[in-house]
Amino acid sequence: MPRGGISFEGIGFQGATFKAGNKIKDLVAANGRDSVVDLPVVISEAGTVDLGNDGDTVFGFIDAYENDGYCTVQFRGFRTDVPISDTAPTVGKIAAVDDTGKIKDSAETAKLRAPIIIEVDETEGVATVFLG
C-alpha cells in the first residue's frame with residue numbers, strides 16, 4: 001500500500017449495468033474482457049457507455065465486462081488504480097478522459113457532478129478518483 005497506510009479502495013462504491021459501446025467492444029475483441037476493467041467511460045447514448053472523446057468528463061469506470069456486451073460501471077465512490085495519461089493529472093482537478101482509455105485534467109472548471117482526482121502515483125502510472 002504505497003499510500004502511507006491510507007486506502008480509498010471501494011469506499012462508497014455504487015455500480016450499474018450499461019451496454020458497452022463500440023470502442024469498448026473493439027478493445028475486448030483485440031485484448032480480452034479484462035483489458036477494459038478500470039477504464040474511464042462516458043455516457044455515449046441512451047443506456048450505453050463508451051471510452052468517449054478527448055476531454056469528455058468521466059462518468060464512471062468499468063468494473064466488469066460480461067461476454068454479452070454489457071458492463072458494470074462504477075458511477076459513485078472512490079476508484080483506485082485508474083490509468084493516467086502521459087502527463088500526470090493534478091490532484092484536486094476534475095477528471096476527463098483522453099481518447100486512449102486514460103484520465104487527464106479536464107479543461108472544465110465545474111460540472112453538475114465532477115469526478116475529482118484524489119491522488120496520483122506517477123511511478124505506477126495510476127490515480128485515485130472520487131466520483132461523488
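In this predicted model, contacts between residues far apart in sequence are prominent in the count: among the contacts in the protein with a separation of 6 or more, 60% are accounted for by residues 24 or more positions apart. The secondary structure comprises 1 helix and 10 strands, and, when read along the sequence, these elements follow the pattern β-α-β-β-β-β-β-β-β-β-β. The radius of gyration is 14 Å, close to the 14 Å that the globule rule gives for 132 residues, so the protein is as compact as a globular protein of that length. Taken along the principal axes, the C-alpha atoms fill a box of roughly 40 × 30 × 30 Å, and 39% of the 132 residues count as buried.

Strand S6, which spans residues 78–83, is mostly covered, with 5 of its 6 residues buried. This strand runs antiparallel to strand S10 (residues 126–130), to which it is joined by 4 bridges, and within the pairing Val-82 stands opposite Ala-127 of S10. Strand S6 also holds Asp-81, a residue that has a positive phi of about 60° although it is not a glycine. With a relative accessible area of 39%, Asp-81 is partly exposed, because a residue counts as buried only under 20% and as exposed only over 50%.

A positive phi is also found at Asp-38, a residue other than glycine, where the value is near 85°. Asp-38 is placed in the loop between helix H1 (22–31) and strand S2 (40–45). Its relative accessibility is 21%, and Asp-38 therefore counts as partly exposed, given that the limit for a buried residue is under 20%.

A further aspartate, Asp-50, is found in strand S3 (residues 48–50). Asp-50 is buried and yet has no salt bridge, the nearest side chain of opposite charge being that of Lys-23, which is 6.1 Å away; this separation does not meet the criterion for a salt bridge, because that criterion requires a side-chain nitrogen of Lys or Arg within 4 Å of a carboxyl oxygen of Asp or Glu. A polar atom of the Asp-50 side chain does, however, lie 3.0 Å from the backbone nitrogen of Asn-22. When neighbours within four places in sequence are left aside, the residues in contact with Asp-50 are Gly-21, Asn-22, Lys-23 and Ile-24, together with Val-41, Val-42 and Ser-44. Asn-22 thus appears both in this list of contacts and as the residue whose backbone nitrogen lies 3.0 Å from the side chain of Asp-50.

How values were computed: Residues numbered from 1 in each chain as written. Predicted model: local features only at pLDDT ≥ 70, side-chain atom pairs only at ≥ 80, totals over all residues. Heavy atoms only, no water. Buried < 20%, exposed > 50% of the residue type's maximum accessible area, 1.4 Å probe, protein only. Helix = DSSP H or I, 4+ residues; strand = E, 2+ residues; numbered from the N terminus. Pairing = 2+ DSSP bridges. Lys, Arg positive; Asp, Glu negative; His and termini not counted. Polar contact = N/O pair within 3.5 Å; in protein donor to acceptor, adjacent residues only side chain to side chain. Contact = heavy atoms within 4.5 Å. Rg over C-alpha atoms; globule rule 2.2 N^0.38 Å.
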